[in-house]
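I opened the notebook for one helix and one domain contact. My notes follow in the order I looked things up.

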Amino acid sequence: MKTEPDGRVTFTGEADLPPVAMSFASTAYNKTGSWKYLEPYHQDLTPPCNSVCLAGNDIVNVMRRIEAGDLREAALLLLETNPLPSVTGRVCPHPCEKPCNRKAMGGAVSIRALERFLGDWAAREGVLPSPVPEALAPGDGRSVAVVGSGPAGLSAAYFLRRAGFSPTVFEAARETGGLLRYGIPAYRLPNGVLDLEIQRLAGIGVRFETGVRLGKDFYLHDLATRHAAVVLAFGKNATRGLGIPGENLKGVWDGIDLLARAKAGKPPALGGEVAVIGGGNTAVDCARTALRLGGKATILYRRTRREMPAFKEEIEEAIEEGIRIEYLAAPVSLSRRPGGGIDLRCVRMALGEPDESGRARPVAVPGSEFTVAVDAVVKALGEGVDLGIVPENLRKGEWRVSCDERRRTPVDNVFACGDCAGDEGTVADAIRAGREAAHAVASTLLDRPYAPPNLTRDRGASAEVAKFKRFNRAYFREEAGVSPSHRPASERRADFREVALPLGEEEARAEAARCFKCGTCVRCDNCHVFCPDMAVTKTARGYEIAYDYCKGCGVCVQECPRAAIHLRRAP
Amino acid sequence: MRPDERLELRIHGRGGQGAVLASLILADAAHREGYHVQVFPEFGVERRGAPVAAFARLGRSPIRDRTKVYTPHHVMVLDAALVRSVDVTAGLQPNGWILLNHAGRDAGQDGSPLPEGPWRVATVDATSIAAEHGIGTSTAPIVNTTMAGAFARVTALVSIDAICDAIRERIGAKAESNIAGARAAFDAVSVRPAPTDAALQAMYR
Amino acid sequence: MTAPQAAAREGSAAASTRILTGNQAAAYGAYLSQVQVVSAYPITPQTTVIETLAELYRDAPWPSRFVNVESEHSAMAACIGASMAGARAFTATSSQGLALMHELLHWASAQRLPLVMVNVNRALAPGWNIWTDQNDSLSQRDTGWMQLYCESNQEALDTVIQAYRVAEQVQIPIMVVLDAFVLSHTAEAVSLPSPEMVRAFLPPRDPPFRLDVEEPHAFGGLLTPDHYQEVRAKLHRGMEDAIPIWGEAERSWEAFTGRAYDAVVPYRTEDAEMVLVASATVASTARDVIDALRARGKKVGLLRVRLFRPTPHDALRLALRGIPRVAVIDRNISYGHHGIFFQEIKSALYDLPARERPGMFGYVTGLGGRDVTRGVILDAVGRTLSRDRAEPETVWIGRKE
């Protein structure tokens, strides 16, 4: 028996062989890593849900914590990116569920329902984001004014506060929340839910002043002199007119006004045949509100269902509840009908060439006019921004505050976000915009080089989206999910209580467990266990690959259930 | 008994009645009296309640014969009702004893008739004796120890003292009531016809 | 605690004699060898071996474990693990259970682990049969285990103890084989050696290598064509060495107890014109037959083969050279060939000079528990003596025509 210089043990013949197969030296001399032409590396990918979430929520890691029953940690992680989880958990059109890889094996994970579950839990428990910036560095407590308390303003204030600033939110209405409070019916978002979310902001030191209106009670100049920076985050504050004769008749209602009055518990008397004109969420909300107030609602839309901008599930729920939609019809004029009521004169439309929005342009069909007798008409064609409240040099066109990609307006230290800045979109989009504005304020006031926020990169994930075809399906089985249940249509048309029912904790944990955790290393140890050369070792932060011994066989990549390990050409 | 002579016994019982233990008690007792012994159960699967048998082979020299017992010198029957379903006299040698656990003094009179043949019959009401001594339960008395006592009396192969010593070794708990039962059976056994000393001597030489 | 248990535990210097079944005797053999790990799975007719051990090990006074498992395969695996760690380990099985162990039997021998296993010879299914024949153990002929076939309960006890001594000297596992029922369930007088005596005969195990965190080795790894043959040659040589070492163990045991058995046991073979070869309990009954024939002036003898593996070639040749007729009774069969003892012995004698080479007669009988009576044995003798030459085909005796 001889020990070679490299540590190997060799035998000269039968005499010095042991009686059994046994080792006399470590196999460490054998640097199997020299054989490889490929090498593995750990790299988290962007989960598909995450790739489309405008709020930038770290959905997969929130799921992991819910699954583990660690609700507080889950809530804290969600609050890192989303100041209003109970709100988005109800009203977000959940684009995240559309590309969910779980879809192929039992249906997409009900991410929105889980967000609602977690947001409500956090609100109930009074969870505050952590750490609360008590010392106030690095924003150093400098004061920032935020105009508007809709989702964009709330988001900007939240992230400013977390960056160490002292934001004050100015709201023209008597109560905070903007569109969330006045524009979304209670059956989708009860005010109590919103109140708890805003309480959380107050809890970390965001100040609110209500009943004060820019352009009336104070001017931009006042704010700019009193605060280190100003963030304009007001929303749509003017309803578009129909532009047809008779639109101001008695019995013709403004849609936003109708929703606000209903939400405030002081709805107008609305009954009989109600025609709602429009195809967006406001139109659908108005129709469903009219229905709940005792009316018989019909939506008039000039294109077809395919072009309707309202959320698909809202349309479906409306139809379930018995709302009729008259497609390819546009109002021409309104007139008072003898004996009460309104004659609504309409014209048939046909779809023509696509317009600048990409949708087919509706064209009136000559001679197709018809008249409907109704008791009320609701105008819900869309809203615009009244720019009269800001100086002229801040206006861009008819409907937008002018700002660049860093959200700077032409006035120093004045920033803009939300609907007024053209971020026309969902609550999640407003949250993103608010975060961007806060980020821009911070980099300007702290004189830091500006880089656009990139949550995916900050989490260490690559921009590549994790695809199901790269997963090892042996580790997953078909599993049906919970479908968040809805109250029956017959019951919900009678009141303003919430349509969708909440998940219980057990349900939520089971549903979160269905999440594949796409492209995200969950420390399952498969790479460590399967490596035939024991080249993958566990560390406090994850795994380390000993490239001296990794021979590039790719077993770890093959056995990674969720594509968090990849192969590249070895150097 | 010549050194190369063998004496073979067969015990009939039902699974659970203790036929095997009866054979072991006889073996222990015989071993104490200087015999070489070999005992074994019927080879195979035992089922509670089913007819079973156990065997013993005795001699004055080491026993090398390891075949089954085909022609026993004596037979012990732990339950007289077995006589109806099992041929308890199969292979039984002429002049051999059949010791029956039976209530009647004359085994011929009570519905469990024995085939006529050149053997001798002894009976003992072991069931009653065992019950009186609290051996087993009152509904299912265990008769193997009492029958061993009766066997000593009938065959005179081993002494009742050796039987009692063997019982003491094999049965830890309740040995004394079993011993009392064995002694009672030793005294109570009745034979038909009574063996003569000459006959016994002819048998055992 | 029964009296023999108490005697075995108390360590009274004097040997005590008890009426024990073969299975109980084998279990006492393991207990008196101070086995540290017992792992076994019950199977008729082996069950009472482990029942007895379970009772004995309930509070054995030395560090020990009785490992319950869910199969014979696991039982052998547990014994291998225990033995690798340096413990003295024991198991027992029978028939289908032994067949299930087959793969691991190779592991135990090629890893040179001195296990001792009692196998109660039982016929293999199908048709279920719980009675004795030797096909189960002989099917394991080439697994590298030594095999010894016992003919009495005393021998079963003694052989287990002897087996540990030899196994630990040559690092080869040993199978001690008992006939189902004929030994396993038959009670006879057995002399229990005192624990002191057994300790003096059998020193504590001192393995040349073992699993040891202080001195780590990887065992059972890759053994390439470069080395495999050499390592296997060592196992073969270990088997050959075991024959004289077994002899030494017999002499030592004889000095302690007055009892010896040896690898092959001749009986009245002097001047014999015909020698009957048999193993296990058939050999025991055959002695009575030989005595009866000798009494009638027939020049016949018996050779009992106790050690089947390693094959005691020299002893077989010495015992049978120049005997005109040798008749082997096999309670087993290698289908399509012959009885297995027959072919082994024939092979061992082939190298004898032609004039000393016996005429070989082979008889198969007693399969599946069929009683091998004196009549059957007499038939083998009669057929052999009445023919000048062996019948070429396998001859069945004691078979219903």
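What do the buried residues of α4(C) pack against? I kept in mind that this is a predicted model. I found four elements of chain C as partners: the strands β2 (37-40), β3 (65-68) and β4 (89-93), and the helix α5 (95-110).

Next I listed the buried residues themselves. In α4(C) they are C:E72, C:A75, C:M76, C:A78, C:C79, C:I80, C:A82, C:S83 and C:M84.

Then I checked the helix geometry. α4 of chain C covers residues 72-84, which is 13 residues. I read 18 Å from its first C-alpha to its last, close to the 18 Å expected at 1.5 Å a residue. After α4(C) comes C:G86, and I noted its positive phi, near 105 degrees.

I moved on to the domains. The domain assignment splits chain C into domain 1 (3-257) and domain 2 (264-396). I got 28 Å between the C-alpha centres of domain 1 and domain 2 of chain C. Their contact takes 26 residues from domain 1 of chain C and 19 residues from domain 2 of chain C.

Which elements give two or more residues to the side of domain 1 of chain C that touches domain 2 of chain C? I found α6 (135-138), β6 (146-149) and α9 (228-257) of chain C. α9(C) gives the most to that side, with 5 residues.

Last, I sorted the residues on this side of domain 1 of chain C by type. They divide into 15 nonpolar, 6 polar and 5 charged.

Definitions and conventions. Residues numbered from 1 in each chain as written. Chains lettered and ligands numbered in written order. Predicted model: local features only at pLDDT ≥ 70, side-chain atom pairs only at ≥ 80, totals over all residues. Expected span 1.5 Å × (residues − 1). Buried ≥ 20, exposed ≤ 12 C-beta atoms within 10 Å, placed from the backbone. Contact = placed C-beta atoms within 7 Å. Domains from an automatic or database assignment. Nonpolar A, V, L, I, M, F, W, Y, C, P; charged D, E, K, R; others polar.
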